[in-house]
Amino acid sequence: MMKKLLTERLKIPLYQDRYLPRKLKIGIAVPPNNDVDVFINDIALIAIIENNQIVGYNIAAGGGLGATHGNEATYARLASILGFVDTEEKVLKAVYEIITVQRDFGNRSDRKLSRLKYTIDKLGIDQYRAEVEKEPGSALSRPESLNLNKEKTVTGGSGIMKGNGFIPCS
């Protein structure tokens, strides 16, 4: 009885009868700040702001810094922008579909090549986007223009960390 209960609880529609091939990281940035380096994540959500209100998100996928020394098949890659969505429901649907495409097309035979960035490069960005948009309600609009800071600013303690230097505050 306990085994049946656990089996039923572990069934998650997103995963079906299998898990994702590898970990999946999601980063969120609210311009002009990009303190999380959003484009190094598997999925990146970049808020689009108009009149101090978030009106939607550009969605990017396929970032990652990991590479295996001596293995030229592995590499670092910045996420590619897939498109724009304008409602919370569409954001959740797009993220769900990105994960579903990774579940269905991700490499399970070689752990070093199982991240989302390799799936996108294997399929090509246009085919990957088409796979994400296959389900009804998951169409992405043309991406909005971005205005993200290129230098990282972190406050704390008695100063501000800016880029690679520390500026004392008095």
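This report walks through an aromatic pair, a helix and the nonpolar cores of the structure above. Please keep in mind that the model is predicted.

**The aromatic pair**

Let's start with the rings. A search of the whole structure finds 1 aromatic pair. Its partners are Tyr-75 and Tyr-118, arranged edge-to-face, with 5.0 Å from centre to centre and 80 degrees between the planes. Tyr-75 sits in the loop between strand E3 (53-61) and strand E4 (80-85), while Tyr-118 belongs to helix H3 (residues 116-123), so the pair ties together parts that are 43 residues apart in sequence. How do the two rings' residues compare with the solvent-accessibility classes? The table sets them out.

| Residue | Relative accessible area | Class |
|---|---|---|
| Tyr-75 | 28% | partly exposed |
| Tyr-118 | 9% | buried |

Tyr-118 counts as buried because its relative accessible area of 9% falls under the 20% cut-off.

**Helix H3**

Tyr-118 has plenty of company in its helix. In H3, 6 of the 8 residues are buried, so the helix is largely enclosed by the rest of the structure. The buried residues of H3 are Leu-116, Lys-117, Tyr-118, Thr-119, Ile-120 and Leu-123. They pack against E2, E3, H2 and H4. Just after H3 comes Gly-124, which has a positive phi, near 90 degrees.

Which residues does Leu-116 touch, leaving aside those up to four places away in sequence? Its contacts are Leu-24, Asp-42, Ile-43, Ala-61, Gly-62, Ile-98, Gln-102 and Tyr-128.

**The nonpolar cores**

Leu-116 appears again in the largest nonpolar core, which has 18 residues. Together with Ile-43, Ile-98 and Tyr-128, Leu-116 touches the most other members of that core. Strand E2 (43-50), E3, E4, helix H2 (88-105), H3 and helix H4 (125-132) each supply at least two of the core's residues. The largest share, 6 residues, comes from H2. A second, separate core holds 8 residues, among them Phe-39, Ala-44, Ala-60 and Ala-79. As background, nonpolar side chains in soluble globular proteins tend to be buried together.

**Strands E3 and E4**

Finally, back to the strands on either side of the loop that carries Tyr-75. E3 and E4 run antiparallel and are joined by 5 bridges. Within this pairing, Asn-58 stands opposite Phe-84 in E4. E4 is mostly covered, with 5 of its 6 residues buried.

Methods. Residues are numbered from 1 along each chain as its sequence is written. This is a predicted model: local features need pLDDT of at least 70, side-chain atom pairs count only at pLDDT 80 or more; totals for chains, interfaces and linings use all residues. Side-chain values use heavy atoms; hydrogens and water are left out. Rings of Phe, Tyr and Trp (its six-membered ring) pair if their centres lie within 6.5 Å; planes under 30 degrees apart count as stacked, over 60 as edge-to-face and the rest as tilted. Helices (H or I, at least four residues) and strands (E, at least two) are DSSP runs, numbered from the N terminus. Buried means under 20% relative accessible area, exposed over 50%, partly exposed in between (1.4 Å probe, protein chains only). Two strands pair if DSSP finds at least two bridges between them. A nonpolar core is a set of buried Ala, Val, Leu, Ile, Met, Phe, Trp, Tyr and Cys residues joined through side-chain atoms within 4.5 Å. Contact means heavy atoms within 4.5 Å.
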